[in-house]
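Here are some exercises to work through with the model open beside you. Try each task before you read its solution.

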Amino acid sequence: MRGVSLAVMLLFGSGFALAGEPETFLGFRLLDLENQSVKWQSPRMGESATVSYAFATQATATLGARNCASMLPPDKAYAPSHISRGQFAREVAAAFRMWEQVANITFREIGNADAADILIGAQGKPVGRAFTNVELKPAGADGRKVIARSLICLNPRQRWKIGFDGDLDVYDLRYTIAHEIGHAIGLDHPSAAGQLMSYRYDERQRGLQAGDIKGAALLYGSKPGAPRFAGSGITTGATGAPAVKGATGWPFGIGESGEKAAPDR
Ligand SMILES: [Zn+2]
C-alpha cells in the first residue's frame, strides 16, 4: 500500500514500558514497532488524538498485513452466535468508550470502511480468537512514525458472547474488542493476567485496570476526572507479573507467527 511501512509483531523483549526502569512493572507495555512506541496522529507522548472506526462492509484485502490481511463484514463472526447487529454495535461502542473515559482519545464511528482509521471485521482466514494489525505511516521529519491504520478481526469460527458467564472458552465481545482496541492505539501485553491488556482471557475484571489506564494516559494524556493511580498502586505478583519471554498463550495476539506463538486453545 503506497510504500506504507507495515509492522506488527509480537515482541518478547525484556524491556518494560519505560527505558531505564527495567525492574519496575508499570502495569502496561507500549507497543514497540520498528524500535519505537507508536500512537495516533502526534508522535508526542500525552498528546490527544481523534480516531475514526468503521465496520467492514465487504471482503477487504490488505496487502502485506501480518494480521487481518483478509477481512469480511463482522456479522460473519457474531451472527452464528445469535448476536444481533445492534447488540454488536453497542458492545463495540462500549469498548471504545472504556478508553475514551480514561485518556484524551476520541473515537467516532463512520460509515466509510475505506476511510476509517480502525476497521473492524471478521477474519477471512480464521485463526486464534481475535487479532489486531497496526500499520505505520512513513517516518515524519522527526524520524517518528505514527499509526496509519489498525485492523481488528474476529475469528468467525469461534463462538462469541455478551457478558461474562465463567465459560472461558467463549470470549465476551466487549472485553475482547476493548483489548484489541488497546493494541490498535499503541499498547502491548504487559503480563499474563491482571490487566485488560494482559494476554490471557479471563473474567476476573470487566473494565480497564490501573495499568491499562496508565498506558493510555501516557500515550494520549489522561482524561480529566478519570481515575488516577499512584505509581505504587500497581500490583505485581500473581496477577501482575511482568510478561515472561516465551510465555504461553497469546489468545488475542497481535501477531501469531514464529515459534513463540502458542497454539490456540
Ligand atoms: Zn492482545
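**Exercise 1. Find what the buried residues of H4 pack against, then work out how enclosed H4 is.**

Solution. Start with the partners: the buried residues of H4 pack against strand S1 (29–30), S4, H2, S7, H3 and strand S13 (187–188). Helices and strands here are DSSP runs numbered from the N terminus, with H or I over at least four residues for a helix and E over at least two for a strand. Before going on, note that this is a predicted model, where local features need pLDDT of at least 70 and side-chain atom pairs count only at pLDDT 80 or more, while totals for chains, interfaces and linings use all residues. Residues are numbered from 1 along each chain as its sequence is written.

Next, go through the helix residue by residue. A residue is buried if 20 or more other C-beta atoms lie within 10 Å of its own, exposed if 12 or fewer, and partly exposed in between, with C-beta atoms placed from the backbone. The buried residues of H4 include Asp212, Lys214 and Tyr220. In fact 11 of the 11 residues of H4 are buried, so the helix is largely enclosed by the rest of the structure. Finally, step off the end: Gly221 follows H4 and has a positive phi, near 90 degrees.

**Exercise 2. Zoom in on Leu219: is it buried or exposed, and which residues does it touch?**

Solution. Leu219 sits in helix H4. It counts as buried because it has 26 C-beta neighbours inside 10 Å. For its contacts, use C-beta atoms, placed from the backbone, that lie within 7 Å. Leaving aside neighbours within four places in sequence, Leu219 is in contact with Lys39, Met45, Ala103, Ile185 and Gly186. Now try a C-alpha to C-alpha distance: Leu219 and Leu187 are 8.9 Å apart in space, with their positions 32 residues apart in sequence. One of those contacts, Gly186, also has a backbone feature of its own, since just after H3 it takes a positive phi of about 120 degrees.

**Exercise 3. Check the span of H2 and decide where its buried residues lie around the axis.**

Solution. First the span. H2 (residues 85–100) has 16 residues and reaches 22 Å from its first C-alpha to its last, close to the 22 Å expected at 1.5 Å a residue. That expected figure is 1.5 Å times one less than the number of residues.

Then list the buried positions: Phe88, Glu91, Val92, Ala95, Phe96, Met98 and Trp99. Looking down the axis of H2, these buried residues fall within an arc of 150 degrees, so they line one face of the helix. The arc is taken from the directions that run from the helix axis to the C-beta atoms. The spacing fits a familiar rule: an α-helix has 3.6 residues a turn, so residues three or four places apart point the same way.

Now ask what that face meets. The buried residues of H2 pack against strand S4 (49–55), helix H1 (75–78), strand S7 (105–109), strand S8 (118–123), helix H3 (173–184) and helix H4 (210–220). For contrast, pick Arg97, also in H2: it counts as partly exposed because it has 13 C-beta neighbours inside 10 Å.

**Exercise 4. Describe how H2 and H3 cross.**Solution. Begin with the geometry: the axes of H2 and H3 come within 8 Å and cross at roughly 45 degrees. Axes are lines fitted to C-alpha atoms, for helices over the stretch in contact, and angles run from 0 to 180 degrees between N-to-C directions. The two helices are therefore oblique to each other. On this scale, angles under 35 degrees count as roughly parallel, over 145 as roughly antiparallel, 65 to 115 as roughly perpendicular and the rest as oblique.

Next comes the hand. The crossing of H2 and H3 is right-handed, meaning that the near helix is turned clockwise from the far one by less than a right angle (anticlockwise would be left-handed). On the H2 side, the contact includes Phe88, Ala94 and Trp99, and on the H3 side Leu173, Ile177 and Ile181 are among the residues involved.

Last, look at H3 itself. 12 of the 12 residues of H3 are buried, so it is largely enclosed by the rest of the structure.

**Exercise 5. Compare the settings of Gln41 and Cys68: which loop holds each?**

Solution. Gln41 lies in the loop between strand S3 (36–37) and S4, and Cys68 in the loop between strand S5 (60–61) and strand S6 (70–72). Gln41 has a positive phi of about 70 degrees although it is not a glycine. Cys68, not a glycine either, has a positive phi of about 60 degrees. For burial, count C-beta atoms within 10 Å: Gln41 has 15 others and is partly exposed, whereas Cys68 has 29 others and is buried.

Conventions. Two residues are in contact if their C-beta atoms, placed from the backbone, lie within 7 Å.
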